[in-house]
Amino acid sequence: MTCRRIALDIFCARALTPPGDRLLDLGGQRDCRRGGFAPERHARRAVLVNLRADVRPDVVADAQALPFRRGSFDAVLCAEVLEHVADPVAVLVEVVRVLTPGGRAVLAAPFLLGEHHDPIDVGRYLPAWWAQTCRAVELGDVEVSPQGSWASVCCDLLHHVGWQRGGLVGRVMVALAARGVGLARWFDARWPVAGVATGYGIVARRAR
């Protein structure tokens, strides 16, 4: 598992604690999960939405046109989705629409990470963009947190390059990256560098 995936799992679990009543997981899937975070453990009722039917979501739908009524959910998780859509603001508008007043929006996207097409990869966003855009769509109490720092970035890029290269050399690079995850996270915890992150996690609330 990569440094980013570990940091993302930890962020999502913390941001969605204590568990709520109704959680919408945009991009959620029951099959082929990449991390250890399980949204159904953080809500009495979790609804998974994805464009792909083969990953067994509860609802197959576009995040820009959700088939739910206004105020249907107490929390919305949208992790590793916005970098794949051409109009992330349209998705955030939908997030706000389906949230109850005061409901939590838990968002995350990569920053210093290699391209990953699923099916496209179109965006990387900095803290100022998150803060301004969340407020523009009427999300308040915005908190933006970096996920990993320079050591995690280096470790995950080694994994990415090895995976792209393939063959014996690529497998060795991926194995080295996997063995270096703990050390990378140790360095990041003690000597983080501002502005260097694998990605950012955001928690905000719909204005009442």
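Here are legends for three close-up views of this predicted model. Local features need pLDDT of at least 70 and side-chain atom pairs count only at pLDDT 80 or more, while totals for chains, interfaces and linings use all residues. Residues are numbered from 1 along each chain as its sequence is written, and side-chain values use heavy atoms, with hydrogens and water left out.

**View 1. Leu 24 and Leu 26 in the largest nonpolar core.** Such a core is a set of buried Ala, Val, Leu, Ile, Met, Phe, Trp, Tyr and Cys residues joined through side-chain atoms within 4.5 Å; buried means under 20% relative accessible area (1.4 Å probe, protein chains only). This one has 34 residues, and Leu 24 and Leu 26 touch the most other members. Elements giving it two or more residues include strand S1 (20-26) and helix H2 (88-98) (DSSP runs: helices, H or I, at least four residues; strands, E, at least two; numbered from the N terminus). H2 chips in the largest share, five residues.

**View 2. Helix H1 (residues 3-15) against helix H5 (residues 167-190).** Their axes come within 9 Å and cross at roughly 60°; axes are lines fitted to C-alpha atoms over the stretch in contact, with angles from 0 to 180 degrees between N-to-C directions. H1 and H5 are therefore oblique to each other (not under 35, over 145 or 65 to 115 degrees). Cys 3, Ile 6, Ala 7 and Ile 10 of H1 meet Val 181, Ala 184 and Arg 185 of H5 (contact: heavy atoms within 4.5 Å).

**View 3. Gln 147, tucked into strand S6****.** Gln 147 counts as buried, at 3% relative accessibility. Among the residues Gln 147 touches are Arg 4, Phe 11, Ala 108 and Tyr 200.

Key
Buried < 20%, exposed > 50% of the residue type's maximum accessible area, 1.4 Å probe, protein only. Lists of a residue's contacts leave out its neighbours within four places in sequence.
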